[in-house]
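Here is a short report for a reader who is new to this structure. Please look over the sequence and the fold, then read on.

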Amino acid sequence: MNLHRWIASILFAMMLAACGGNVPEDEHGHAEGGEEGGEHAEEATKGSHGGRLLQQGGFSVELAIAEDGTPPKYQAWLYKGDEALPATAGKVVVRLKRLGNVQESHTLAQQADGSLMATTVVGEPHSFDVEVLAEIEGKPLRWAYESYEGRTRIPQAIAEQSGIKVAAAGAGIVADEHEVQGLLTPVEGRSAKVTARFPGPIRRLSANVGDRVVAGQTLAVIESNLSLSNYNITAPLSGVVVARDASVGAVAGEGMVLYEIADLSRLWVDLHIFGADAQHIQPGGRVQVTRMSDGMTIDTVIDRILPGTATASQSTVARATIANADGQWRPGSAVKARITVDLQPTSLVVPLAALQKFRDWDVVFIRVGDDYEVRPVTLGKRDATRVEILDGLKAGDQVVIEQSYLVKADIEKSGASHDH
């Protein structure tokens with residue numbers, strides 16, 4: 001199957017799933033089924049308890065995974081022809097080989113109700129190659145079959161072309177972060193009001209709002225009523241004209257404000273912190289500031305915590321400084337920010353992009369060769385990019401970290417069941 005056909009089939013499956021439809025199985029899926037009987041047989045049948053009926057030489061073992069009121073465990077019933085036999089008539093061992101050649105064994109013991117049941121739990125996913133070894137009335141029996149769920153096969157070339165990427169799960173850092181809102185303001189001491197020194201008519205104005213000016217640049221020419229000669233008004237600092245309060249021909253009074261100039265190459269970010277969160281925020285804490293207009297981010301640190309509280313919001317204000325050489329960060333704009341309070345080492349983390357929902361589980365997908373399979377995971381701490389894995393993975397597992405939704409869609413398209 002080429003990439004375009006594969007992606008088309010995935011998109012069609014996702015569309016049907018969104019509409020509540022059923023998607024037929026295709027060459028990538030591994031539905032419950034496989035082979036049984038002797039070394040192998042062709043089709044699974046069900047017994048009276050709803051389990052898989054394995055038949056050979058006049059004897060039968062009905063095998064199921066009991067999940068009602070108990071963690072998943074193998075349970076079996078013995079038969080000779082159509083006659084149910086007591087548990088004392090035989091013994092059963094189930095050997096499983098999971099993806100990656102991980103093997104486990106479950107020995108079933110006699111129960112008071114006449115069945116046999118393992119004491120060991122069958123972990124999720126219930127996806128493995130199964131070998132059943134039994135002895136009934138002294139006769140040895142064996143069956144082997146595939147029982148796959150949450151698994152698909154994607155050839156390497158298609159995976160690469162579709163952008164599916166994997167990385168080994170391992171130790172990492174999870175940040176303790178607080179999300180806050182903030183406001184950009186000019187830095188105090190980096191702005192100036194340009195005023196007339198002597199009264200008189202304004203003969204020329206050479207800058208407009210938004211213009212960049214340099215220190216010493218002539219901004220206005222005024223004819224002095226005292227000397228009847230022109231004098232120049234120059235920019236006291238380099239920056240941007242943020243206000244112009246004069247017009248040519250008007251009469252300027254002594255001390256009249258003509259312009260306001262601000263050096264906006266650096267701005268303050270005043271971050272508003274509420275309640276108990278303020279106790280955790282300290283100068284030096286790392287901050288990632290996000291511009292709401294386009295999502296652009298910039299990293300900085302908290303310079304200081306301002307004394308008192310903001311009157312209107314009753315919040316504590318933490319102040320940071322950002323560089324604004326390109327002038328795209330504008331005073332008065334609202335921003336959001338993520339303050340890092342602590343960095344916590346963890347033994348196993350994966351990117352958030354690896355996470356998906358599958359049935360009612362939080363899952364990731366692992367790859368072994370060209371096979372991909374779901375792994376239900378228990379989640380711990382998380383930050384904006386990573387999440388801690390408490391259970392369900394081991395270090396070194398190759399986890400899908402990009403385009404995991406495509407793997408999920410292909411597995412759902414396969415229709416692999418949870419039947420045993």
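The text below moves from the whole protein to its sheets, a buried hairpin, a pocket and some unusual backbone sites.

**Overall picture**

This is a predicted model. The protein has 420 residues, and 44% of them count as buried. It contains 3 helices and 32 strands. Among contacts with a separation of 6 or more, 65% join residues 24 or more positions apart. The protein exposes about 20700 Å². Carbon and sulfur atoms supply 50% of that area.

**Two open sheets**

Strands of a sheet pair through backbone hydrogen bonds, in a parallel or an antiparallel sense. One open sheet here has 4 strands in the order β14-β21-β19-β16, and its pairing is antiparallel. Its edges are β14 (191–195) and β16 (212–213). Each has a single partner strand, so one side of each is left without a neighbour in the sheet. Strand β14 is joined by 5 bridges to β21 (residues 257–262), and the two run antiparallel. Within this pairing, Thr 195 has Val 257 of β21 as its bridge partner.

Another open sheet also has 4 strands, in the order β18-β17-β15-β20 with antiparallel pairing. Its edge strands are β18 (230–234) and β20 (251–252), and each pairs on one side only. Strand β17 (residues 218–223) pairs with β18 in the antiparallel sense over 5 bridges. Here Ile 222 stands opposite Tyr 231 in β18.

**A buried strand and its hairpin**

How many residues of β29 are buried? The count is 6 of the 6, so β29 is largely enclosed by the rest of the structure. In a regular strand the side chains alternate between the two faces of the sheet. Both faces of β29 are covered. Asp 371, Glu 373 and Arg 375 are buried on one side, and Tyr 372, Val 374 and Pro 376 are buried on the other.

Strand β29 has partners in β11 and β28. Strand β11 (residues 151–153) is joined to β29 by 3 bridges, and the two run antiparallel. Arg 153 stands opposite Asp 371 in β29. Strands β28 and β29 pair in the antiparallel sense over 6 bridges. In that pairing, Phe 365 stands opposite Val 374 in β29. The strands β28 and β29 form a hairpin with 2 residues between them. Gly 369 in the turn has a positive phi of about 65 degrees.

**The largest pocket**

The largest pocket holds about 450 Å³ of space. Which elements give two or more residues to its lining? They are β28 (361–368) and β29 (371–376). The lining has 21 residues. Glu 124, Arg 375, Gly 392, Leu 393 and Asp 397 lie nearest the pocket centre. By class, the lining has 8 nonpolar, 5 polar and 8 charged residues. Arg 375 thus links two parts of this account: Arg 375 is buried in β29, and Arg 375 is one of the residues nearest the pocket centre.

**Unusual backbone sites**

Most residues other than glycine have a negative phi, and most peptide bonds are trans. Some sites here depart from that pattern. The peptide bond from Glu 124 to Pro 125 is cis, with omega near -5 degrees. Pro 125 is in the loop between β8 (116–118) and β9 (128–136). Glu 124 also appears among the residues nearest the centre of the largest pocket.

Glu 137 and Arg 359 each have a positive phi without being glycine. Glu 137 lies in the loop between β9 and β10 (139–147). Arg 359 is found in the loop between β27 (356–358) and β28.

| Residue | Phi | Relative accessibility |
|---|---|---|
| Glu 137 | about 50 degrees | 45% |
| Arg 359 | near 55 degrees | 40% |

Glu 137 is partly exposed. Arg 359 counts as partly exposed too.

**One residue up close**

Val 301 lies in strand β24 (residues 297–305). Is Val 301 buried, exposed or partly exposed, and at what relative accessibility? At 36%, Val 301 counts as partly exposed. Leaving aside neighbours within four places in sequence, Val 301 is in contact with Gly 284, Gly 285, Arg 286, Val 287, Ala 320 and Thr 321. The C-alpha atoms of Val 301 and Ile 322 are separated by 8.7 Å, and the two residues are 21 residues apart along the chain.

Notes: Residues numbered from 1 in each chain as written. Predicted model: local features only at pLDDT ≥ 70, side-chain atom pairs only at ≥ 80, totals over all residues. Heavy atoms only, no water. Pairing = 2+ DSSP bridges. 1 Å grid on protein atoms, 1.4 Å probe; cavity = no way out; pocket = protein on both sides within 12 Å on 5 of 7 lines; lining within 4 Å. Points joined across faces, edges and corners; volume = space filled by probe spheres on them. Nonpolar A, V, L, I, M, F, W, Y, C, P; charged D, E, K, R; others polar. Buried < 20%, exposed > 50% of the residue type's maximum accessible area, 1.4 Å probe, protein only. Contact = heavy atoms within 4.5 Å. Areas by Shrake-Rupley, 256 points an atom, 1.4 Å probe, with all protein chains shown as cover.
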